[in-house]
Amino acid sequence: MEKRVLFRSGWLPWLLIAPQMVVILVFFFWPASQAILQSMQSEDAFGTSVSFVGLENFKTLFADPAYIESFKVTAIFSVLVAGIGIALSLVLAIFADRILRGGLAYKTFLIIPYAVAPAIAGILWVFMFSPSIGIVTYWLRKVGIDWNHLLNSNQALSLIVAAAVWKQISYNFLFFLAGLQSIPKALIEAASIDGAGPLRRFRDIQFPLLSPTTFFLLVINIVYAFFDTFAIVHATTEGGPGRDTAILVYKVWHDGFKALDLGGSAAQSVVLMAIVVALTVIQFRYVEKKVQY
């Protein structure tokens, strides 16, 4: 039977959600409106001369081959980060759920990366894969792989993907582990008695019951790949070699703070926001239909 809360006064519900509404207005709608306004303006680096140019910044943006290329890089990067991060964290969560001895230490070590700042995570991976002093680079050369992400675009992209996945894997792991532990053990035991092996039990019972968690993490990881990986890219490759790893969020910062194209940078942020909103809507509109609650 559905339970509902009835308020005697009409203003009390609005009063209760007022703090959250203020936060949303101040930290989302107001900056978003300012970005949209600035994207239709042309101004100098010091903001002393401002003129309204309409959609001119967007036309210039989509006529730039470098910006179009950043779409391709961002698409590949986000798919790899979300796909590898979710798959790997699910495997680790399955192992953690089955460990009987030393499970606490295992889980603690997997949670540690979440406490590391993104910029620090990027620096750690740069040191490990440094072409001159990196310990991982040393062993890669031992097996015949000449690693130099400063010159090789594919290696640079692999580096930022690995760093971004490592940084986010703890977050995914915690949700998957909680989801696995919430599945009634009686279902697993009944399937085992019926002769179902570990793979079949996972395919037919555990993974379908994890679909809400998987869908939630898919949305979160897509947003993470688009927005929260700037510090990792900046600390590892700085968008290089050339601009081959300049994802959209990094290009917004580069064009706004280094190239001082404030109008163009604002237009890029509006496009980036629109892409993320559209991807989120698509996921809720189509992907959520396959989620079993």
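## The Tyr-250 and Trp-253 pair

Trp-253 is partly exposed, its relative accessible area being 23%. The model described here is predicted. Trp-253 shares helix α12, which spans residues 248-258, with Tyr-250. The two residues are 3 positions apart, about one turn of the helix. Tyr-250 has a relative accessibility of 2% and counts as buried, since the limit for that class is under 20%.

A pair of aromatic rings is described by the distance of the centres and the angle of the planes. The structure contains 16 aromatic pairs. One of them joins Phe-62 and Phe-71, with ring centres 6.4 Å apart and planes at 25°, so this pair is classed as stacked. In the pair of Tyr-250 and Trp-253, the centres are separated by 5.5 Å and the planes meet at 45°, so the pair is tilted. The cut-offs explain the two labels: planes under 30 degrees apart count as stacked, over 60 as edge-to-face, and the rest as tilted.

## Other aromatic residues

Both members of the stacked pair fall in the partly exposed class: Phe-62 has 42% relative accessibility, and Phe-71 has 25%. Elsewhere, ring pairs connect Tyr-114, Tyr-171, Phe-175 and Phe-216 into a cluster.

## Asn-57 and its surroundings

Asn-57 belongs to helix α2, made of residues 56-62. With a relative accessible area of 13%, Asn-57 is buried, because buried means under 20%.

The side chain of Asn-57 has polar partners in the backbone. It reaches the backbone oxygen of Ser-39 at 2.7 Å. A polar atom of the same side chain, that of Asn-57, lies 2.9 Å from the backbone oxygen of Gln-41. Leaving aside residues up to four places away in sequence, Asn-57 touches Gln-38, Ser-39, Met-40 and Gln-41, together with Gly-263, Gly-264 and Ala-267. Ser-39 and Gln-41 thus appear both in this list of contacts and as providers of the backbone oxygens.

## A nonpolar surface patch

Val-22, Val-23, Leu-25, Val-26, Phe-27, Phe-28 and Phe-29 make a nonpolar patch on the surface, with an area of about 690 Å². Val-23, one of these residues, lies in helix α1, which covers residues 12-39. Val-23 counts as partly exposed at 40% relative accessibility. That value satisfies the requirement for patch residues, which is over 30% relative accessible area.

How values were computed: Residues numbered from 1 in each chain as written. Predicted model: local features only at pLDDT ≥ 70, side-chain atom pairs only at ≥ 80, totals over all residues. Heavy atoms only, no water. Helix = DSSP H or I, 4+ residues; strand = E, 2+ residues; numbered from the N terminus. Buried < 20%, exposed > 50% of the residue type's maximum accessible area, 1.4 Å probe, protein only. Polar contact = N/O pair within 3.5 Å; in protein donor to acceptor, adjacent residues only side chain to side chain. Contact = heavy atoms within 4.5 Å. Phe/Tyr/Trp six-rings, centres within 6.5 Å; stacked < 30°, edge-to-face > 60°. Patch = residues over 30% accessible without salt bridge, like charges linked within 9 Å, V, L, I, M, F, W, Y side chains within 5 Å. Areas by Shrake-Rupley, 256 points an atom, 1.4 Å probe, with all protein chains shown as cover. Salt bridge = Lys/Arg side-chain N within 4 Å of Asp/Glu carboxyl O.
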